[in-house]
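Biologist: Please take one part of this model and go through it closely, strand by strand where there are strands. I would then like to hear how the helices and the remaining parts look when examined in the same way.

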Amino acid sequence: MPQIHSSSQARHAVADASQNEALDWFLKLQADPDNSALKQAFVVWKDSEPDNESRYLEVLLLWDKMGKVDEAAVTPQHGTGHLLKPVGKTPLSKGYCWLGASLCCVLLMLMVFVPASVLVPLSDADFVTDSAQHSIFRLEDGSRLYMSGGTAVAVEMSPTSRTVHLLRGEAFFEVVKDPLRPFRVMAGDTVTVAVGTAFNIRLGDRQVTVSLTEGVVDTAAGGEPVRLNAGQELRYRHGKFDVQAGSARYWPAWKRGTASVEDMPVSELVTLLNRHYAAVIRSVDPRLTDARVSGILPLDDLPTALKMLQQTLGIRHITLSDSLVLLHR
């Protein structure tokens, strides 16, 4: 039976072929920069299709960012959802195509764009979850610790204190009441103290978010004390904090299969997605670093999450395998 391809599939096939051709031309010009005939042939190819030049420039941009561009390879310039929304004044172009990089390029990009959270030392962690893994632990005092994907904590229990260090990721705490031993969670520059309550803490690359579901907690954000009541949420970033109304539901968003983000940099969003999906997700476009988003994304449906990013922000993706997704503009 003959296969039927949609017009969209056909366009993607043509784009992928053009991307590969752009990479081939770049490598040829790198290898033989003084070949006049090669340069003339390149100009013919570049002018043969409207998008060829932009795709070639994307190759140059990528290698320039990695410090790999050889000036001799630069040829003559003549002829040449309602659930998620962008924040701020940095609109993203939806018509900009990115290179389907070769394996060599991919390895270099992964070396350059590894998220900071991946580098957090976990030698002192008592409990660790892998990406896309959710776990529940019962502490020795009877309190329950619900850990999201890519999370690590260290626990210290003594006759006079209970301290949990959130080293990475996100966790929800159901604290057993013990007035003689306050329950303390340290995350970044914040300290949250509770006697008997339920709350969630997310430690991002640039922000700590404390969401209180039940009871009362005292949080010190950058040394300044703040009292939270049930239903309130504290966000601490760049040495400043603000308190807002949070979710009235008992379970945090991640346990309901969603991620609620507010004015979050795309770089931090990538870190968040990497904690909840088994595939490795990387941003390979430096221009995405300062873009910010607010809204809700699914944490149990990667194709839908990627589709929402493309439709609302123009953030495209290349799926190189079931375990590697590259984001670009």
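Modeller: Two strands pair if DSSP finds at least two bridges between them. The model is a predicted one, and the part to look at closely is strand E7, residues 183-187.

By that rule strand E6 (residues 162-174) pairs with E7, in the parallel sense and over 4 bridges. One of the matched pairs is Val164 with Val185 of E7. E7 is also joined to strand E8 (residues 190-194), here by 5 bridges and in the antiparallel sense. Phe183 has Ala194 of E8 as its bridge partner. E7 and E8 make a hairpin with 2 residues between them, and Gly188 in that turn has a positive phi of about 60°.

In a regular strand the side chains alternate between the two faces of the sheet. E7 can be read in that way: Phe183, Val185 and Ala187 belong to its covered face, while Arg184 and Met186 belong to the uncovered one. Two residues of the covered face have already appeared as bridge partners: Val185 with Val164, and Phe183 with Ala194.

Strand E19 (residues 324-328) makes a useful contrast. Buried here means under 20% relative accessible area. In E19, 5 of the 5 residues are buried, so the strand is largely enclosed by the rest of the structure. Leu324, Leu326 and His328 point one way, Val325 and Leu327 point the other way, and all are buried. Strand E16 (residues 280-283) runs parallel to E19 and is joined to it by 4 bridges. Val280 stands opposite Leu324 in that pairing.

For the helices, start with H6 (residues 302-313). Its 12 residues, at 1.5 Å a residue, should span 16 Å, and the end C-alpha atoms are 16 Å apart, which agrees. The buried residues of H6 are Leu302, Ala305, Leu306, Met308, Leu309, Thr312 and Leu313. Seen down the axis they fall within an arc of 155°, so they line one face of the helix. The face turned away from that buried side carries the exposed residues Pro303 and Lys307. After H6 comes Gly314, with a positive phi near 70°.

Helix H2 (residues 36-48) can be checked likewise. Its 13 residues should span 18 Å at 1.5 Å a residue; the end C-alpha atoms are 19 Å apart, which agrees. Leu38, Phe42, Trp45 and Lys46 are the buried residues of H2. These cover an arc of only 100° around the axis, which puts them on the same side of H2. An α-helix has 3.6 residues a turn, so residues three or four places apart point the same way. Ala37, Gln40 and Val44 are exposed, on the face of H2 turned away from its buried side. At the N-terminal end, Asn35 caps H2, with a side-chain oxygen 3.1 Å from the backbone nitrogen of Ala37.

Two smaller items remain. Phe241, in strand E14 (residues 240-245), counts as partly exposed because its relative accessibility is 27%. Phe241 lies 20 residues from Ala221 in sequence, with 6.8 Å between their C-alpha atoms. The second largest cavity has a volume of about 30 Å³. Its lining residues are Arg206, Gln207, Arg237, Glu262, Met264, Pro265 and Glu268. Strand E15 (residues 258-265) gives the most to that lining, with 3 residues.

Definitions and conventions
Residues are numbered from 1 along each chain as its sequence is written. This is a predicted model: local features need pLDDT of at least 70, side-chain atom pairs count only at pLDDT 80 or more; totals for chains, interfaces and linings use all residues. Side-chain values use heavy atoms; hydrogens and water are left out. The expected span of a helix is 1.5 Å times one less than its number of residues. Buried means under 20% relative accessible area, exposed over 50%, partly exposed in between (1.4 Å probe, protein chains only). The arc is that of the directions from the helix axis to the C-beta atoms. A polar contact is a pair of N or O atoms within 3.5 Å; within protein, one must be able to donate a hydrogen and the other to accept it, and residues adjacent in sequence count only if both atoms are side-chain atoms. On a 1 Å grid over the protein atoms alone, a cavity is a set of points where a 1.4 Å probe fits but cannot get out, and a pocket is an open set with protein on both sides within 12 Å along at least five of seven lines; lining residues have an atom within 4 Å of a point. Grid points are joined across faces, edges and corners, and a volume is the space filled by probe spheres set on the points.
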